[in-house]
Amino acid sequence: MTVTGTDAASAGIEARQFPTNKGGLCQKGWTAAEVLRVPGRLTTPLVRVDGELVPTTWDAALDAVATTLRRVRAEHGADAVGIFGAGGLTNEKSYMLGKFARVALGTSNIDYNGRFCMSSAAAAGNKSFGLDRGLPFPLADIGSARAVLVLGGNVAETMPPFVQHLRTAADAGGLVVADPRRTATVDRALSAGGVHLQLSPGTDLALALGLVHLAVVEGYADRDYIDSRTEGFDEFWTAAAQWWPERTERVTGVPVARLRETVRLLAQSRDAGTGAYVLTARGAEQHASGTDTVSAVIGLSLVLGLCGRHGTGYGCITGQGNGQGGREHGQKADQLPGYRKITDPAARDHISALWGIEESALPGAGLSAYELLDALGTPGGPRALMVHGSNIAVSAPRAGHVVDRLASLEMLVVTDFVLSETAAMADVVLPTLQWAEEEGTMTSLEGRILRRRRAVDVPEGARGELDILADLAVRLGQPADRFPREARTVFEELRRASRGGIADYSGVTYERLDAGEALHWPVPSETHGGTPRLFLDRFETPTGRARFVTVDQVGPTEPADADFPLLATTGRVLTHYQSGAQTRRVPSLSEAAGPMFVQVHPDTAGRAGLEDGEDADVVSRRGTVVARVRCDASMRLDTVFLPFHFADAARANLVTNPALDPTSRMPEFKVCAVRIAAHRVGATEGETA
Ligand SMILES: Nc1nc2c(c(=O)[nH]1)N[C@H]1C(S)=C(S)[C@@H](COP(=O)(O)OP(=O)(O)OC[C@H]3O[C@@H](n4cnc5c(=O)[nH]c(N)nc54)[C@H](O)[C@@H]3O)O[C@H]1N2
Ligand SMILES: Nc1nc2c(c(=O)[nH]1)N[C@H]1C(S)=C(S)[C@@H](COP(=O)(O)OP(=O)(O)OC[C@H]3O[C@@H](n4cnc5c(=O)[nH]c(N)nc54)[C@H](O)[C@@H]3O)O[C@H]1N2
Ligand SMILES: [Mo]
C-alpha cells in the first residue's frame with residue numbers, strides 16, 4: 001500500500017497494485033491510517049516511580065535500563081537477561097535484536113512471538129524439504145488453480161486480499177476448507193459447491209492421514225513422483241494405512257463422502273493440469289502435535305506429487321507483517337542470521353567473525369518463547385526482560401501465569417508506541433516508531449523482500465528501535481560502529497551475515513528493491529534474479545529428495561471430560577488485530593467488533609442454561625474468561641470459539657493450554673477443555689488445577 005500525506009494526522013492509505021493483494025486491502029488495512037493516529041500514542045519515555053509510570057528523559061530512561069542490565073548480569077550471569085522479539089519487526093530490527101542479545105548482552109535467552117505463529121509449519125518444512133519458506137512458489141500461482149485445500153485458515157477474515165487468489169478454485173467448486181467452524185472462508189467455498197470438512201479441533205493429523213489412505217487406495221497416488229523425488233514413503237504408509245475412511249470419520253467427525261470428494265478434487269485438477277494446492281494456517285498448526293500435523297499434510301501433498309512442480313504445491317500461510325523475514329535473521333533462540341542453526345560450527349565461525357567476537361563468546365541455544373516466559377523470575381531464570389513488538393500479557397498462552405511471571409521480574413522494559421497491557425506492567429517504557437515512520441525491509445510469505453519507506457514524519461520524542469538498541473549497546477560498553485543506526489547500513493551487514501546461508505540475501509540491495517525487482521530468496525549474488533519457485537530440480541535435503549516423515553494422530557493434550565466437557569478453540573475476527581493493542585484503541589474497529597464473545601451452538605448454550613447475548617464464564621483448568629454468548633447453529637455441539645483480541649478478564653488466553661509441541665515448542669492455542677456457565681460476578685481468575 002501507499003501512504004499519502006506527510007504525517008500521522010493527515011495520512012490516508014491508498015491500495016497499490018501489487019501481486020499479493022491484487023489492489024485489494026483488508027478492512028484493517030483501510031483503517032491503518034486510523035491506527036497511525038491511534039489515541040494514546042507514546043512519545044515520552046516512562047519509568048516507574050513509587051508504583052506509577054512517570055515521564056522522563058531518554059538519557060535517564062536508557063541509563064536506568066543499562067545500569068540494571070549490568071547489575072543483573074554481574075550478579076546472575078548473562079542468561080539472566082531475556083529478550084522477546086516479534087515477527088512484526090523489520091528484517092533490519094530482527095537482525096539487530098539478535099545481535100544485541102548475543103553480542104551486547106551475551107545472553108542465549110532471546111525468542112519471539114513467531115514461535116506462537118508459524119514455528120510448527122517451519123519445523124515440518126525443514127524436516128521434509130530441508131528448507132522452510134512459507135510458500136515455495138509465488139502467491140499468484142495459486143490464483144489459477146481449480147482445487148485448493150486450506151486446513152485451519154480463515155483467510156476471508158485474516159487475509160482478505162488473499163481470497164482473490166482463491167477465486168478460481170472457489171468458482172470451480174474446488175475450494176475445500178477444514179475448520180471446526182463454518183467461517184466466512186467456508187461460506188465462500190460452499191457458495192459454488194466446494195467442501196467444508198468440519199472436523200473436531202485437534203484432529204487434522206488424522207484427517208490428513210485419512211486423505212492419504214484414500215488417495216492411495218483409490219489410485220490417485222503419483223507413483224512415479226514418489227519413486228523419483230521422495231524418500232520414506234513405505235514407512236509413512238504403515239501409519240497412513242491404519243486410517244481407513246470409517247476410522248477417520250469416527251475420529252475427525254468428517255463424513256467419508258467429503259473425504260473422498262476432497263482427494264478426488266485435488267487429484268482430478270492435478271491430472272487436468274488446472275492446478276492443485278494444499279495450504280495450512282494456524283488452525284492446523286497451533287497444537288502440541290502441530291509439527292507432526294504439518295508433516296502429515298506435507299505427506300499428503302507428496303503422495304499426490306504436488307511439491308516442487310509448476311502449478312501445484314504445499315505452503316503455509318504466514319501471519320504477521322514480517323512473519324517470514326522475522327524468522328530468518330536470528331531473533332529465534334536456536335538460530336543465527338541467514339536461517340542458520342546456532343549449533344552449527346560453520347555458522348558460528350561465519351557469524352562470530354562478522355561480528356568481531358570469539359566463537360566461544362557466542363552463546364548457544366536459549367529457551368523457546370513460552371519456556372522463557374515460564375522461567376521469568378524463577379531460580380536460574382531471567383530476572384530482566386526486554387520486549388520488542390509483542391503484547392504477551394494478552395497473547396501468550398496461560399496468560400494469567402505469564403502475568404505473574406512478568407510481575408516477578410527485577411526489571412521489565414517494553415519498547416512500544418502504545419501503552420499495551422504488557423507496557424502498562426513495565427518498569428521502563430521506551431516509545432518507538434510505527435511502520436510508516438521507518439525505513440527497512442520485510443519479507444513476504446512467498447520469500448519476496450520488500451522495501452518499506454518512511455512515509456510520514458516521525459513524532460517528536462519517539463525513537464526508532466535501531467537507535468534505541470545502539471544507545472543501549474554503547475552504554476553496555478560496545479563500540480558504536482557495531483550497532484549501526486541506519487536501516488540501509490544494517491541491511492548491508494545482514495547481506496554479509498546471510499551469505500551462503502539458507503535464506504541468502506547477499507545479492508539483494510536497496511537499489512535493486514527500489515528499482516522494483518521482484519527478489520525471492522535465495523539471492524546469492526547481485527546478478528542473480530532470485531528464486532521465486534523452489535525445489536523444481538531438487539529439494540534441499542542431502543539426497544535432493546523430499547522426505548516423508550512418519551507420524552500418527554495424537555489428539556488434544558487435554559481432551560474433554562466430565563468436568564470440562566467442551567473443547568475451546570481460539571482465533572481471530574476481521575476487525576481486530578492480534579492482542580488488540582492497536583485496534584482496540586480505534587473506535588470504529590472496536591465498535592464493529594463488539595465485546596468479547598464465545599461462539600457456541602444454541603443447544604450447547606441451552607444445556608448450560610445460557611441464552612444468546614448473556615455473559616458467560618468460560619472455565620478451564622487454568623482460568624476463566626468472561627465472554628458474551630453468541631449462539632450459532634452452524635457450530636459443532638462439542639466446540640466453542642474464543643477470539644483472543646481482548647484484554648483483562650476477557651482474555652481468551654486465561655484459559656488456553658501451554659502444552660508445547662516437542663519439536664517447534666508451539667503452544668496448544670487451538671484446543672483446551674472448558675465448561676461454560678452463567679457469569680458470576682467476582683468469579684476468580686485463579687487456576688483450578
Ligand atoms: N483480522 C485479522 N487478521 C489477521 C490477524 C488478526 O489478528 N486479525 N493476525 C495475523 C496473524 S499473526 C496470523 S498468524 C494470521 C492467522 O490466520 P488464520 O490461521 O486464518 O487465523 P485463526 O483465526 O487463528 O485460525 C484460523 C481458523 O482455524 C480454525 N481452527 C481452530 N481449531 C482448529 C483445528 O483444530 N483444526 C483446523 N483445521 N482449524 C481449526 C478456527 O476456527 C479459525 O477459523 O492472521 C493474520 N491476519
Ligand atoms: N489464544 C490465542 N493466542 C494467540 C494466537 C491464537 O491464535 N490464539 N495467535 C498467536 C499468534 S499467531 C501471534 S502472531 C501472536 C500475536 O500477538 P502479539 O505478539 O501480542 O502481537 P500484537 O498484538 O501485534 O502486539 C504487538 C505489540 O507491539 C507493538 N508494535 C508493533 N510494531 C512494533 C515495532 O515495530 N516495534 C515495537 N517495539 N513494537 C511494535 C504494538 O503496538 C503491540 O503493542 O499471538 C499469539 N497468541
Ligand atoms: Mo501470527
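In the predicted model, Phe 539 is found in the loop that runs between α23 (510-514) and β20 (546-547). The residue is buried, because its relative accessible area is 0%, a value under the 20% limit that defines burial. Leaving out residues up to four places away in sequence, Phe 539 touches Phe 129, Tyr 225, Arg 229, Cys 307 and Gly 308, together with Gly 544, Arg 545 and Ala 546. Pro 565 lies 26 residues from Phe 539 in sequence, and the C-alpha atoms of the two are 44 Å apart in space.

One of the residues touched by Phe 539 is Phe 129, which is itself listed among the buried residues of α5. Helix α5 spans residues 119-129 and is largely enclosed by the rest of the structure, because nine of its 11 residues are buried. The buried set comprises Ser 119, Ser 120, Ala 121, Ala 122, Ala 123, Ala 124, Gly 125, Ser 128 and Phe 129. Elements covering these residues include α15, α16 (290-303), β12 (312-316) and β20. Just after the helix, Gly 130 adopts a positive phi of about 75 degrees.

Ser 119 has its place in helix α5. With a relative accessible area of 4%, Ser 119 is buried. Apart from residues up to four places away in sequence, Ser 119 touches Gly 114, Ser 664 and Met 666.

Helix α23, which precedes the loop of Phe 539, holds Leu 513. This leucine is likewise buried, with a relative accessible area of 8%. Beyond neighbours within four places in sequence, Leu 513 is in contact with Thr 441, Ile 449, Arg 451, Val 508 and Leu 519. The C-alpha atoms of Leu 513 and Leu 654 are separated by 43 Å, and the two residues stand 141 positions apart along the chain.

The model also contains ligand 1, which is surrounded by 32 residues. The closest of these are Asp 179, Asp 204, Arg 572, His 576 and Gln 578. Several polar atoms of the protein lie beside nitrogen atoms of the ligand. An N or O atom in the side chain of Asp 204 is 2.7 Å from a nitrogen atom of ligand 1, and a corresponding distance of 2.9 Å is found for the side chain of Thr 569. The backbone also takes part, with a polar backbone atom of Gly 283 at 3.2 Å from a nitrogen atom of ligand 1. Taken alone, ligand 1 exposes 920 Å², of which the protein buries 98%.

The shell around ligand 1 comprises nine nonpolar, 15 polar and eight charged residues. At least two shell residues come from each of α6 (155-158), α15 (282-285) and β21 (566-571). In terms of domains, domain 3 (119-316) and domain 4 (566-678) each supply at least three residues. Helix α15 thus appears in two settings, as a contributor to this shell and as part of the cover over α5.

Around ligand 2 there are 31 residues, of which Ser 390, Ser 395, Asp 416, Glu 465 and Ser 579 come nearest. A polar side-chain atom of Ser 579 lies 2.5 Å from an oxygen atom of the ligand. A backbone N or O atom of Gly 389 is found 3.4 Å from an oxygen atom of ligand 2. Arg 572, listed among the closest residues to ligand 1, has a side-chain N or O atom 3.1 Å from a nitrogen atom of ligand 2. Ligand 2 taken alone exposes 920 Å², and the protein buries 95% of that area.

By residue class, the shell around ligand 2 divides into nine nonpolar, 17 polar and five charged residues. Domain 2 (40-116 + 322-486) and domain 4 (566-678) each provide at least three of its residues. Domain 4 therefore contributes at least three residues to the shell of ligand 1 and at least three to that of ligand 2.Asp 615 lies in strand β23 (residues 615-619). This residue counts as partly exposed, at 33% relative accessibility. Neighbours within four places in sequence aside, Asp 615 is in contact with Leu 610, Ala 627, Arg 628, Ala 678 and His 679. With Arg 628, the side chain of Asp 615 forms a polar contact of 3.0 Å. Ala 627 is 12 residues from Asp 615 in sequence, and their C-alpha atoms are 5.6 Å apart in space.

Methods. Residues numbered from 1 in each chain as written. Chains lettered and ligands numbered in written order. Predicted model: local features only at pLDDT ≥ 70, side-chain atom pairs only at ≥ 80, totals over all residues. Heavy atoms only, no water. Near = heavy atom within 4 Å. Polar contact = N/O pair within 3.5 Å; in protein donor to acceptor, adjacent residues only side chain to side chain. Areas by Shrake-Rupley, 256 points an atom, 1.4 Å probe, with all protein chains shown as cover. Helix = DSSP H or I, 4+ residues; strand = E, 2+ residues; numbered from the N terminus. Nonpolar A, V, L, I, M, F, W, Y, C, P; charged D, E, K, R; others polar. Domains from an automatic or database assignment. Buried < 20%, exposed > 50% of the residue type's maximum accessible area, 1.4 Å probe, protein only. Contact = heavy atoms within 4.5 Å.
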